[in-house]
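Biologist: I want to know what stands behind the labels people put on a model. Can you take me through them?

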Amino acid sequence: MLYLDNSATTQMLPEVKDAMIPFLLEEYGNPSSKYYPQATHAKEEVDRARKHVANLLGCDAQEIVFTSGATESNNMLIKGIVDHHDPRTKHVHIVTSKVEHPSVLETFKYLQSKGFVVTYLDVDQFGRIQLEDLQELFRNDPPVLCSIMWGNNELGSLQPIKKISELCIQYQCHLHTDATQVIGKMETDLSQFPGITLLSCSAHKFNGPKGIGVAVIKKDKNGLPTLITPLLHGGGQEFDYRSGTLAVHNIVGLGKAAELAHERLKNNIKQLLVLEDKLNSLLREKFSSVLQFNHDQVDKIPGILSIQFKGINNEILLKNIASEIAASTGSACSSTKPSHVLAASGYNNEEVRSTIRFSLSPYTSLTELEIFKQL
C-alpha cells in the first residue's frame, strides 16, 4: 500500500513512539503535582517538549500552549481574542478567507451569529487572497482579528503571509494563522513574521501522535501575555490559557516529533520536492490525456498535489485504487461534502468531483511511486 494522504495524517515515527511509551506505562506522574520524582520528572519532560516545539516554530517556549489539536487551537484563539470585544455595544469587524479549514470557518460563522461583523475574503484559482482586498478592508473598516491559513490543505497554495503580517502590524490587528499543513515541510520561523500573534498546528501532521496540538500565543511588544479568554476554565494549567491535566505521553511525543522535524527540515523539504517531481512525471506519462493540475507549480507546500482526472468521478477512482494507493478528495474534516476550497477558487461541480489530492511524506521512497506505472 502506497500512502499518499499525509495531509490528513502522517505515520508516527518509531522514535516518537519510543519516547512516549515510558509515559504511558512507568512515568505516570502528574506534572502539576510537586516535589516527588514522578511529578517533577513529568514536568521536566513537558518543559523539554515545549522547548523543542519552540525551536521548530521560532518562538519563546513560554508562548507554547498545548491543546488537543489544531481544531481546538483554532477555536480557542479566535474566540479567545474576540471575547474582549462586545458586538452588542460597538461594531466589531473580523476577517478570514473562504478557503479556511472548517474549524476556522465554523468558528467565524458562530461569531457572526453572535453579532460580530465578518468578512470572508475571495480567493484566486489557487486559493490565495488578494492583498489589495485586505488593504482596502484595513483602510475602510479595520478589523480586530484577521485569520488566514499559512498554506492550504487541499491546493497546497501558500498565502502571502509575510505581507499579511506586515499589514496587521501597520493596522494593529491580531493575525491568527492555521499553520497545520506547513509545519515540518517549510521554514516557519516566527521571529521573521512579527505580525503573527497567534498560530495553530497539530502533531499528527508532522509524524507525531494524534490528540495533541499547539496554540502559539505571542507576547506583546512589552513582553506581556496576550489577553485571551480561555476555552477551558479550571486549574489554570498552561499559563492560565488552557486548564486540564496535561497528556504527558502525547506532549512528549509532540516534542520528539518537533525535534526530529527541526533537525531534518532541510532534508525533508529536499526529499518532498524530489518525490513531487517524480510523481508529476509519472502522472503525466500515464494520464496525460485526462490530467489537469489545480495547484500552483511554484509557490506551494512541497508534496501536496491537487489533480483533476477529467471525466472520472473522484470517489469511484479512489475506491478502485484503494487496495494499492491511499489518497483523498480533499480535507478529511469535510469528507462528506464537495470541496468548499475548490468551489471558492472558481472550480465547477464537475471539476471538483474529478479532483484528487495526493500528499507525500519525506519518508515515502521513489521506488514506492513506481506503482503508478501499473495502474
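Modeller: What follows sets values against cut-offs, one label at a time. Keep in mind that this is a predicted model.

Biologist: What makes strand β7 an enclosed strand?

Modeller: Burial along its length. Buried means under 20% relative accessible area. Seven of the seven residues of β7, residues 196–202, are buried, so the strand is largely enclosed by the rest of the structure.

Biologist: How do you know which way β7 runs relative to β6 and β8?

Modeller: From the bridges. Two strands pair if there are at least two bridges between them. Strand β6, residues 174–178, and β7 share four bridges in the parallel sense. One of the contacts sets leucine 175 against its bridge partner isoleucine 196 in β7. With strand β8, residues 213–217, β7 has five bridges, and the two run antiparallel. There, leucine 199 has valine 216 in β8 as its bridge partner.

Biologist: Why is cysteine 168 not called bonded to cysteine 173?

Modeller: A disulfide needs two cysteine sulfur atoms within 2.5 Å. The sulfur of cysteine 173 is the closest cysteine sulfur to that of cysteine 168, but at 4.3 Å it is too far for a bond. Cysteine 201 is in no disulfide either: its nearest cysteine sulfur, in cysteine 59, is 9.2 Å away. By this rule the count of disulfides is zero.

Biologist: Are those cysteines, 168 and 201, buried or exposed?

Modeller: Cysteine 168 has 2% relative accessibility, so it counts as buried. Cysteine 201 is buried as well, with a relative accessible area of 2%.

Biologist: What makes tyrosine 35 stand out in its backbone?

Modeller: The sign of phi. Tyrosine 35 has a phi near 80°, which is positive in a residue other than glycine. Tyrosine 35 is in the loop between α1 and α2. Exposed means over 50%. At 76% relative accessible area, tyrosine 35 is therefore exposed.

Biologist: And what is the phi of glutamine 172?

Modeller: Near 55°, again a positive value in a residue other than glycine. Glutamine 172 is in the loop between α6 and β6. With 72% relative accessibility, glutamine 172 counts as exposed.

Biologist: How many aromatic pairs turn up, and what is the label for tryptophan 150 and phenylalanine 193?

Modeller: The whole structure has five aromatic pairs. Ring centres must lie within 6.5 Å, and planes over 60 degrees apart count as edge-to-face. Tryptophan 150 and phenylalanine 193 have centres 4.9 Å apart and planes at 65°, so the pair is edge-to-face. The pair links distant parts of the chain, 43 residues apart: tryptophan 150 is in the loop between β5 and α6, and phenylalanine 193 in the loop between β6 and β7. Tryptophan 150 is buried at 3% relative accessibility. Phenylalanine 193 is buried at 13%.

Biologist: Why is the pair of phenylalanine 287 and phenylalanine 309 called edge-to-face?

Modeller: Their ring centres are 5.4 Å apart and their planes stand at 90°, so the pair is edge-to-face. Phenylalanine 287 is in helix α7 and phenylalanine 309 in strand β10, 22 residues apart. At 4% relative accessibility, phenylalanine 309 counts as buried. Ring pairs join Phe287, Phe309, Phe358 and Phe372 into a cluster.

Biologist: What puts a lysine "over" a ring, as with lysine 162 and phenylalanine 193?

Modeller: For a lysine, NZ must be within 6 Å of the ring centre and within 35 degrees of the ring normal. The charged end of lysine 162 sits over the ring of phenylalanine 193, 5.2 Å from its centre. Lysine 79 likewise lies over the face of tyrosine 110, at 5.0 Å from the ring centre.

Biologist: How do you know that α2 has the expected span?

Modeller: Its 21 residues reach 30 Å from first C-alpha to last, close to the 30 Å expected at 1.5 Å a residue. The buried residues of α2 include Ala39, Ala42, Val46, Ala49 and Val53. The buried residues pack against α1, β2, β7, β8 and α7. Just after α2, glycine 58 has a positive phi of about 75°.

Biologist: What about the span of helix α4?

Modeller: Helix α4, residues 102–113, has 12 residues and reaches 16 Å, close to the 16 Å expected. Among its buried residues are Val104, Leu105, Phe108 and Leu111. Glycine 115 follows α4, with a positive phi near 110°.

Conventions: Residues are numbered from 1 along each chain as its sequence is written. This is a predicted model: local features need pLDDT of at least 70, side-chain atom pairs count only at pLDDT 80 or more; totals for chains, interfaces and linings use all residues. Side-chain values use heavy atoms; hydrogens and water are left out. Buried means under 20% relative accessible area, exposed over 50%, partly exposed in between (1.4 Å probe, protein chains only). Rings of Phe, Tyr and Trp (its six-membered ring) pair if their centres lie within 6.5 Å; planes under 30 degrees apart count as stacked, over 60 as edge-to-face and the rest as tilted. The expected span of a helix is 1.5 Å times one less than its number of residues. Contact means heavy atoms within 4.5 Å.
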